[in-house]
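User: I am new to this structure. Please take me through it in short questions and answers.

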Amino acid sequence: MGPWLKSHYLLFLGEGLERFNRFDAARAAFEETIEFAAANQIHAVTFKAESALVALRGTRRVPTAAPVSFELPQGVLAAAHAISELRKAALVEA
């Protein structure tokens, strides 16, 4: 992977991690982007990563809610199983 592609990959990786609230991993990706892009003189990516890192430091972390678990009625489970079996049978015949 060339330097231009790798620097953009690292930048997009950091942006994606930030969107999924993985702030520590995003910070590490932005820092790596800055280091790599600066070393390879890809200044536009360096500036974008620096801006993203500054914005990330100002992000207020909101705790995510715990997943809700619930029991499905037996009829729903039976219907899902029947649909699954029909799908499998259709794939075998095709």
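Analyst: One term first: a helix is a DSSP run of H or I with at least four residues, and helices are numbered from the N terminus. Keep in mind that this is a predicted model. With the term in hand, Leu11 can be placed: its element is helix 1.

User: How many helices and strands are in the chain?

Analyst: Read from the N terminus, the elements run α-α-α-α. No strand interrupts that order, as the chain has 4 helices and 0 strands.

User: Which element of the chain has the lowest mean pLDDT?

Analyst: Over the whole chain, pLDDT averages 87, and 88% of the residues score at least 70. The elements can be ranked too. Helix 2 (residues 23-39) has the highest mean, 94. The lowest mean, 88, belongs to helix 4 (residues 74-93).

User: What percentage of the residues counts as buried?

Analyst: The cut-off for buried is under 20% relative accessible area. The chain has 94 residues, and the share that counts as buried is 22%.

User: Is Leu11 buried or exposed?

Analyst: Leu11 belongs to helix 1. Its relative accessibility is 2%. Buried means under 20%. Leu11 therefore counts as buried.

User: How far apart in space are Leu11 and Ile34?

Analyst: Along the sequence, 23 residues separate Leu11 from Ile34. In space, their C-alpha atoms are apart by 8.6 Å.

User: What is the C-alpha to C-alpha distance of Ala26 and Leu53?

Analyst: Ala26 is part of helix 2. At 0% relative accessibility, it counts as buried. Leu53 is 27 residues away from Ala26 in sequence. From C-alpha to C-alpha, the two are apart by 8.4 Å.

User: How far are the C-alpha atoms of Glu18 and Leu56 separated?

Analyst: Glu18 sits in helix 1. With a relative accessible area of 23%, Glu18 is partly exposed. Leu56 is 38 residues from Glu18 along the chain. Their C-alpha atoms are separated by 7.8 Å.

User: Which residues form a nonpolar patch on the surface?

Analyst: Take Tyr9, one of the members. Tyr9 is in helix 1 (residues 3-19), and at 46% relative accessibility it is partly exposed. A patch residue needs over 30% relative accessible area, so Tyr9 passes that cut-off. Together, with about 600 Å² of accessible area, the patch is formed by Met1, Trp4, Leu5, Tyr9 and Leu13.

User: What does the charged end of Lys6 sit over?

Analyst: Aromatic pairs are no help here, since the structure holds 0 of them. Lys6 does meet a ring, with its charged end 4.8 Å from the ring centre. That ring belongs to Phe36.

User: How many salt bridges does the structure hold?

Analyst: One joins the side chains of Asp24 and Arg27. Another joins Glu85 and Lys88. The total for the structure is 2.

User: Why are Asp24 and Arg27 separated by about one helical turn, and in which helix?

Analyst: Their side chains meet in a salt bridge, N to O, at 3.3 Å. Asp24 is exposed, with a relative accessible area of 53%. The two residues are about one turn from each other because they are 3 residues apart in helix 2.

User: How far apart are the closest N and O atoms of Glu85 and Lys88?

Analyst: Glu85 and Lys88 are both in helix 4, 3 residues apart, about one turn of the helix. Glu85 is partly exposed at 36% relative accessibility. Lys88 is partly exposed too, at 42%. Their salt bridge has its closest N and O atoms apart by 3.7 Å.

User: What is phi of Asn21 near?

Analyst: Most residues other than glycine have a negative phi. Asn21 is not a glycine, yet its phi is positive. Asn21 is in the loop between helix 1 and helix 2, partly exposed at 45% relative accessibility. Its phi is near 60 degrees.

User: Where is Gln41 found?

Analyst: Gln41 also has a positive phi, about 55 degrees, without being a glycine. It is exposed, with a relative accessible area of 62%. Gln41 is found in the loop between helix 2 and helix 3 (43-57).

Notes: Residues are numbered from 1 along each chain as its sequence is written. This is a predicted model: local features need pLDDT of at least 70, side-chain atom pairs count only at pLDDT 80 or more; totals for chains, interfaces and linings use all residues. Side-chain values use heavy atoms; hydrogens and water are left out. Patches are made of residues with over 30% relative accessible area and no salt bridge: like charges are joined within 9 Å, nonpolar side chains (Val, Leu, Ile, Met, Phe, Trp, Tyr) within 5 Å. Accessible areas come from the Shrake-Rupley method with a 1.4 Å probe; for residues, only the protein chains shown count as cover. A salt bridge is a side-chain nitrogen of Lys or Arg within 4 Å of a carboxyl oxygen of Asp or Glu. Buried means under 20% relative accessible area, exposed over 50%, partly exposed in between (1.4 Å probe, protein chains only). pLDDT is the predictor's confidence in each residue, from 0 to 100. Rings of Phe, Tyr and Trp (its six-membered ring) pair if their centres lie within 6.5 Å; planes under 30 degrees apart count as stacked, over 60 as edge-to-face and the rest as tilted. A charge sits over a ring if NZ of Lys or CZ of Arg is within 6 Å of the ring centre and within 35 degrees of the ring normal.
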